[in-house]
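Open the model in your viewer and show it as a cartoon. This tour goes from one selection to the next.

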Number of protein chains: 2
Amino acid sequence: MRKQTLRPDNVYLKSTFSSVGKKESEGPLNQYFDAKYKDDLLGQECWEKAESTLLKTTVSGALTSAKLTCDELDMLFAGDLLNQCTASSFALKAFDIPFLGLYGACSTFAEGLCLASMTISGGFAKNCGVVTSSHFCSSQKQYRFPLEYGEVRTPTSQWTVTGSGCAILSCDKSEIKITAVTPGRIVDLGVSDANNMGAAMAPAAADTIYSHLCETNKSPDDYDHIITGDLALVGSDLLCELLRQKGIDISKKHLDCGSLIFDAENQKVNAGGSGCGCVASVFSGYISQKLKSGEMKNILLVATGALMSPSSVLLGESISGVAHAVEFERTGD
Amino acid sequence: MRKQTLRPDNVYLKSTFSSVGKKESEGPLNQYFDAKYKDDLLGQECWEKAESTLLKTTVSGALTSAKLTCDELDMLFAGDLLNQCTASSFALKAFDIPFLGLYGACSTFAEGLCLASMTISGGFAKNCGVVTSSHFCSSQKQYRFPLEYGEVRTPTSQWTVTGSGCAILSCDKSEIKITAVTPGRIVDLGVSDANNMGAAMAPAAADTIYSHLCETNKSPDDYDHIITGDLALVGSDLLCELLRQKGIDISKKHLDCGSLIFDAENQKVNAGGSGCGCVASVFSGYISQKLKSGEMKNILLVATGALMSPSSVLLGESISGVAHAVEFERTGD
């Protein structure tokens with residue numbers, strides 16, 4: 001029987017860097033982000049180039065913070081939400097680093113961490129970067145309506161985060177270790193409302209967390225926190241309920257990056273934040289700092305992705321989800 | 001200094017399966033494909049669902065051929081060219097197998113082989129599947145013009161292959177071994193003609209092949225063939241020329257899947273075939289059979305991807321390329 005949960009060895013977090021836009025920097029996590037842009041265009045002529053620039057500066061920041069040159073980074077795992085993942089590919093051509101493009105919707109950051117961990121543990125790399133991004137304006141344009149249209153958003157809808165996060169993993173020992181990864185399966189419970197991504201992704205998160213806990217013989221109490229990517233308010237409730245039905249109560253340990261990044265009430269983001277850049281910037285900013293300071297000692301990070309496209313929604317197809325989990329522990333505590 | 005070329009250990013080709021559409025089955029490689037569909041809709045109501053069905057039946061075929069159940073396949077690496085890679089995600093939700101979504105344009109099949117090889121070699125999986133697909137009609141609709149428009153194609157344009165290929169890699173010994181993988185860097189020489197993808201991708205292929213040969217101390221003569229993904233006629237000439245400038249002559253050893261799959265003159269495909277499904281179906285059909293029969297003893301497979309989107313082309317951006325290489329050898333010869 002297959003084991004979903006894998007145990008990479010000697011994989012440590014070397015550095016992180018997070019970049020966000022204006023709205024994100026006005027939210028509750030303001031102090032934790034490394035770069036905050038007041039101009040969501042980042043001086044570029046269009047949203048796509050702005051997102052690409054955001055991702056590029058984030059990788060540069062993580063390299064500087066890790067005191068690594070491009071030559072010393074063995075591989076970059078990257079992805080975003082733009083068609084054909086052009087935010088990543090246009091950003092990364094400047095770096096001259098072997099490039100592995102990923103698409104896992106908003107689960108991409110954790111997918112990259114899983115793959116980078118296995119690559120390092122297998123002895124194929126010393127240092128690997130993982131980076132993802134999203135941008136509210138490029139996402140609105142591609143997935144929903146032009147900004148000028150003034151779309152009225154449903155209560156369950158989420159606000160795509162303008163942000164990017166990069167984590168550099170390494171075999172060099174640090175205070176934060178990746179102790180397990182659980183790549184997820186596709187789960188489809190038939191949700192077809194493109195304005196309720198949290199509900200579409202929650203079943204996948206539940207499936208991956210359940211597999212992870214069973215296979216590692218752990219309970220939610222063994223973690224300081226179980227942190228999902230961007231289920232936001234609606235999806236988070238559903239996740240807790242789905243796991244409760246399986247006899248697992250994560251409600252006291254659960255946090256969600258989509259809920260953490262915005263003040264839902266005062267920032268008018270409806271259900272909360274979303275996007276490839278949400279979990280990436282919240283992990284690379286807030287969570288990694290809490291792990292470094294010791295305020296969090298061990299966490300399970302579970303990024304969730306909604307597998308759909310504007311075409312598939314028009315075809316009336318349901319939206320399935322996938323979630324990948326990564327376990328971080330402080331070493332020596 | 002980073003080494004691009006990596007040496008996975010104990011990684012073997014367990015099974016392959018290839019599926020193609022009508023035009024491909026009328027081409028020179030007809031006898032090598034496992035499944036040939038006369039109806040390019042595969043009984044579905046639209047091209048997107050047809051492509052998804054093609055990919056799904058291909059994975060099923062590879063599992064059957066490997067005598068594996070879904071439970072025995074540890075991971076699936078998959079990707080395609082549709083926005084948000086929905087051909088893969090919709091096809092694979094039936095399988096209940098941990099899913100790693102990739103986007104590397106037409107390089108995705110080799111990218112998956114690189115990642116699956118490292119995953120198996122690192123001890124994280126026994127059996128991994130790699131699958132990609134493309135469909136002429138879904139690609140025309142998304143990237144170019146609706147079929148009804150009757151687009152006049154330029155001489156340098158390529159014909160997207162309707163096809164899918166799946167390879168299952170395993171730690172179980174077989175007669176074909178993966179001996180090295182070389183993940184590629186993004187290379188951009190400034191080509192901006194979306195009707196000349198071969199030219200856009202050739203520099204990346206040259207870069208990866210050059211790195212691979214230097215790092216392994218090999219010459220083209222050490223291989224039966226160096227086989228690129230889908231540079232087709234124009235890109236192949238350019239690749240040979242670029243390597244000649246670096247003192248390497250691959251012209252006598254070079255084959256290209258985009259040139260092999262069609263009879264360019266009689267099938268009116270202009271420069272040749274392309275798409276994620278081109279290298280996947282030609283490898284999983286033709287090449288793997290030649291390796292099994294011993295007619296080919298060792299090859300370097302180099303799949304190339306053009307990193308662009310319809311939006312990036314409209315923005316006037318250049319088209320960069322990426323190429324990943326995988327070295328196959330017969331064991332015991």
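Select Asn217(B), just after helix 6 of chain B. In this predicted model, Asn217(B) has a positive phi of about 55°.

Step back into helix 6 of chain B, residues 197–216. Its 20 residues span 29 Å from first C-alpha to last. The expected value, at 1.5 Å a residue, is close to that: 28 Å. Now colour helix 6 of chain B by burial. The helix is mostly covered, with 16 of its 20 residues buried.

Next, select residues 47–66 of chain B, which form helix 2. Helix 2 of chain B has 20 residues and reaches 29 Å between its end C-alpha atoms, close to the expected 28 Å. Burial: 16 of the 20 residues in helix 2 of chain B are buried, so mark it as mostly covered. Then click on Lys67(B), just after helix 2 of chain B. Its phi is positive, about 55°.

Keep helix 2 of chain B on screen and add helix 5 of chain B, residues 136–143. How far apart are the axes of these two helices, and at what angle do they pack? The axes lie 8 Å apart, and the angle is about 135°. That angle makes helix 2 of chain B oblique to helix 5 of chain B. The crossing is left-handed.

Show side chains at the contact. From helix 2 of chain B, pick Trp47(B), Glu48(B) and Glu51(B). From helix 5 of chain B, pick Cys137(B), Ser138(B) and Lys141(B). Colour them by class: the contact has 2 nonpolar, 1 polar and 3 charged residues.

Technical notes
Residues are numbered from 1 along each chain as its sequence is written. Chains are lettered from A and ligands numbered from 1 in the order in which they are written. This is a predicted model: local features need pLDDT of at least 70, side-chain atom pairs count only at pLDDT 80 or more; totals for chains, interfaces and linings use all residues. Helices (H or I, at least four residues) and strands (E, at least two) are DSSP runs, numbered from the N terminus. The expected span of a helix is 1.5 Å times one less than its number of residues. A residue is buried if 20 or more other C-beta atoms lie within 10 Å of its own, exposed if 12 or fewer, and partly exposed in between; C-beta atoms are placed from the backbone. Axes are lines fitted to C-alpha atoms, for helices over the stretch in contact, and angles run from 0 to 180 degrees between N-to-C directions. Angles under 35 degrees count as roughly parallel, over 145 as roughly antiparallel, 65 to 115 as roughly perpendicular and the rest as oblique. A crossing is left-handed if the near helix is turned anticlockwise from the far one by less than a right angle, and right-handed if clockwise. Two residues are in contact if their C-beta atoms, placed from the backbone, lie within 7 Å. Ala, Val, Leu, Ile, Met, Phe, Trp, Tyr, Cys and Pro count as nonpolar, Asp, Glu, Lys and Arg as charged, and the others, Gly among them, as polar.
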